[in-house]
Amino acid sequence: MALVNLTGKETGTWVHIGTETTIEDGAVVAAPLAQLVDADESFFKAVGAVGAVLATDADWRAVAPLANKLSFVVINFPSFSDGRGFSLAVRLRKDLGFRGEIRATGHTIPDQAMHLLRSGFDSVETPDAREEAFKAAVKRYQVFYQSDFTGRTSLAHARHARAEERKAS
Amino acid sequence: MYAYDQYDHALVNARVGEFRDQVNRRLSGELTEEEFRPLRLMNGLYLQLHAYMLRVAIPYGTLSANQMRRLAHIARTYDKGYGHFTTRQNVQFNWPKLVDTPDILQELADVEMHAIQTSGNCIRNVTTDQFAGAAGDEVADPRPYAELLRQWSTFHPEFSFLPRKFKIAITAAKEDRAAVKWHDIGLILKQNDAGETGFEVIVGGGMGRTPVIGKTIRDFLPEADLLSYMEAILRVYNEQGRRDNKYKARIKILVEDLGAEEYARQTEAEWQAIRNNPIDVPAEEAARIRAFFAPPRLEVLSDDVAEVDDLARQNFLFAAWVRNNTGKHKVPGHVHVTISLKPHGGIPGDATDAQMDLVADLADQYSQGEIRVSHAQNLILPHVAKRDLPALWKTLDAAGLGAANQGLLTDIIACPGLDYCALANARSIPIAQAITSRFDDMKRLMDIGPLKIKISGCINACGHHHAGHIGILGVDRRGEENYQLLLGGSGAEDASKAAILGPGFGEEGIVDAVEKVVAVYLGEREDGEEFLATYRRLGPAPFKEAVYGAR
Ligand code: SF4
C-alpha cells in the first residue's frame, strides 16, 4: 500500500485497534466510530491521539460529540462508486469544523484524486500500482467550476476577482 | 451562444489529455476492461452490443453551424457516415474505434464540445426547450441558467458518484417542451409579482421501471440562489439515496420514501446553512453568461408573405410543412423551423454526414448560424425569416429532410433498442419504421392531428413510453420480442403516466393495434378534440374493446 499525500499537510501514522486490542499508553490509534462512542474518558486520556474509522454510510451527526477529541478521521470506501464518502468529508469540514487529517482508505481510483482533495481529504491509501496515477491526477486540473469547502473558490469568482478587488478598494 | 474562455478550454483540453492517457493504458494492457470501464463511461464511451458507442453532449440542445459541421466530419471520418440524435439532446456515434476516441474528443474540444458526464452516476447534460430564445411564449431565455448548471455540475467534487444518474431540465415557456416534471430536477423559470425572475423547483420525477411525476418543493427560488439550492438538493440525495438496489436508487424513490414535504424541509435546512458560502456565482458572472445569449438582431418583418401563401396553395406538402414544422417566433415575420429526422420508414433521429453538413449550411444562410436539437430527436433552425421558407423547404425536401410530420403520429420517439443496446428486450427502430410506413399519408396524419408515439426497447424507458399519448414497451416473452401498448401519457405541462391497455403483441400485431386505437379516436372525437383529450374523456374501455374485441 502507498500513501498519497493530496494536500501536502503532514500525514500521520497510527495503529488500528479492534475491540480486543490492548493499547499502549500514548499510542496513536484509529478505532471504529462505534467503539469510540462507547469509550470512556480514561480511554481518551490513555492514548496519545485518536482517530475514528468511518464507513461511508456513517451519520456525520454521530461524529459531532466526539469531533474535538479526534485528531484524524479515516473514511473507508467499500467501492469507488460510493459517493457518500465525499459528502461525509464535506460534512466534517463544513458542519463540524474538523481540521485534522482526513484519509481515504478502501477502494478509490486515481481519477478521484481531485474529488477527494476538494471534498476535504488530505491523503489516500492506495495500492502501490496506483500511486503514480494518483499523483499525476492531482496536478491535472488547475481551475474548477465550483467553490468547495476547503477554501477554493469557483472559476466564476476568479473570472471577476479583479472587479471585486476594485470594488473593495 | 456561449463561447469558451481560456479556462473552459483548459478544462476540456485537460480532460482530453487525461482520457488519451487512460486509453493508452488500456490499449497497452496496463488497465483491465473492468478498471477502464468507469473511466470510459465518464467520457461517454459505452460498449454496446456490437461496438463502442460515443455519446457527445449537446449542452441544452444548442449547436452552432460550425459545431454541426464538426459532427458531420466525425461521422464521416471515424464512423459509418451517420450520427444519432437522442432524447436527451445528445448525439451518439455508433461505431467509433477505441484507439480513435481521444482524437474524436480533441476534435470536439476544438469546437467547444465534449462528452463529459454523458454517462455514469453523475449530473448529466442539462436539457431545455428546443425553441429557447426564439419561442414566442417564454418568460426569458432559459439557456444562461442551463450553462450555469453545466459549469457547476462539471467535475463536481462531491456529486460525481451519486447513487444513480441525475437529469435536470429547465423550461421558461407556457408550454413545457422539456418534460420538466419527468426529470430528477425540473425547473420552471417564472416571474413573481414583484417582477423578479426565479424558479419553481420540482424534484423526483423520472421514467424507468417506476415512472413518477415530479413534485414541487419550492414555488419560487430567486435566480441568484440557483446553485446553492441545487447543491442542497443534491447533498440530501447523495447522502440518503439508496445504493443497495440500482432500480431504487434514483431520487424519485427517496422523494417517495421521505415524502416531498420532508425532502423540501431537509433541502431548505441545508440550503440555509450553506447559502452564505460562495456557491452561487457573482452577479457579474451571471451577466457575463447571459450576454452570450443576447437575442440575434432580426429585422421586424411582415407576417404576411405572398410567396409562402402562393406556394402553400400550389403544394399541399409545403403547406403541411409550414403548418406543422414552423412556429411563432418572438420577432414578427420570423418562425422557428423544425427539421424532421423522422422520414416515413426511416430511423428516428438519424442524420447522415451530408445531411448534417447541409443543415449547417442552411443555418448559416437562414438562421444566424444557430441550430437546436429537440428531445423529440429533431433538428431546429431557430431564427428563420418567413420569406425564406419556400427556398429552405425545397432544399430540405431534396435532401430527404422535408418531412412535414412534426408533432404528428409519425414523429415517433424511439430508443436504439435491440439493434444497438445491450440491455434491450426488443427492437424499437423497426417498430417505428413499420408504423411510419403504415401511416405514410400526410392527409391522414393531418386529420389525426397531434399524437405522440414513444417506443422503448425495455423497461428502462429511454424512449419515454410512459409519457407517450401512445406508448410502446418492448418486453421479452419467453424469448420472443413482445410489445405492450400503453395509452394516455403526457410529457408536457399536463404530465401524466400512460397506462397499459392489455396483453402485448408481436411485431405485426402492435402496428395493427395502433391503427385500431387511432380508429376509435377518429370515430369518437368531438369537434377539434385531440387524441389525448379524447382518451382522457372516454377512458380506456372503448380502446380496449377495439383492440382486443369483446371478451
Ligand atoms: S429503453 Fe432499454 S433498450 Fe431502449 S435504449 Fe434504454 S436501455 Fe436500451
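This note goes through the ligand shell and the salt bridges of a predicted model.

1. Conventions. In this predicted model, local features need pLDDT of at least 70 and side-chain atom pairs count only at pLDDT 80 or more, while totals for chains, interfaces and linings use all residues. Residues are numbered from 1 along each chain as its sequence is written, chains are lettered from A and ligands numbered from 1 in the order in which they are written, and side-chain values use heavy atoms, with hydrogens and water left out.

2. Ligand shell. The residues around the ligand (near means a heavy atom within 4 Å) include B:Cys415, B:Cys421, B:Cys458 and B:Cys462. The others are B:Pro416, B:Gly417, B:Leu423, B:Ala424, B:Gly457, B:Asn460 and B:Ala461. By class, the shell has eight nonpolar residues, three polar and no charged. Here Ala, Val, Leu, Ile, Met, Phe, Trp, Tyr, Cys and Pro count as nonpolar, Asp, Glu, Lys and Arg as charged, and the others, Gly among them, as polar.

3. Salt bridges overall. Side chains of opposite charge can pair when their charged atoms come close. With a salt bridge taken as a side-chain nitrogen of Lys or Arg within 4 Å of a carboxyl oxygen of Asp or Glu, the structure holds 60 over all chains.

4. A pair between chains. A:Lys94 and B:Glu270 form a salt bridge, with their closest N and O atoms 2.6 Å apart. The pair runs from helix α4 (residues 84-94) of chain A to helix α8 (residues 260-274) of chain B. Helices (H or I, at least four residues) and strands (E, at least two) are DSSP runs, numbered from the N terminus. A:Lys94 counts as buried at 19% relative accessibility, and B:Glu270 counts as buried at 6%. Buried means under 20% relative accessible area, exposed over 50%, and partly exposed in between (1.4 Å probe, protein chains only).

5. The network. Both A:Lys94 and B:Glu270 belong to a network of salt bridges. Its other members are A:Arg91, A:Asp95, B:Glu158, B:Glu231, B:Arg235 and B:Glu239.

6. Helix to helix in chain B. B:Arg438 and B:Asp512 meet in a salt bridge at 3.0 Å, N to O. B:Arg438 is in helix α14 (residues 429-438) and B:Asp512 in helix α16 (residues 507-524), so the pair ties together parts 74 residues apart in sequence. B:Arg438 is partly exposed at 28%, as is B:Asp512 at 30%.

7. Loop to helix in chain B. B:Asp494 and B:Arg536 form a salt bridge at 2.9 Å, N to O. B:Asp494 lies in the loop between β19 (480-487) and β20 (499-500) and B:Arg536 in helix α17 (residues 531-538), so this pair joins parts 42 residues apart in sequence.
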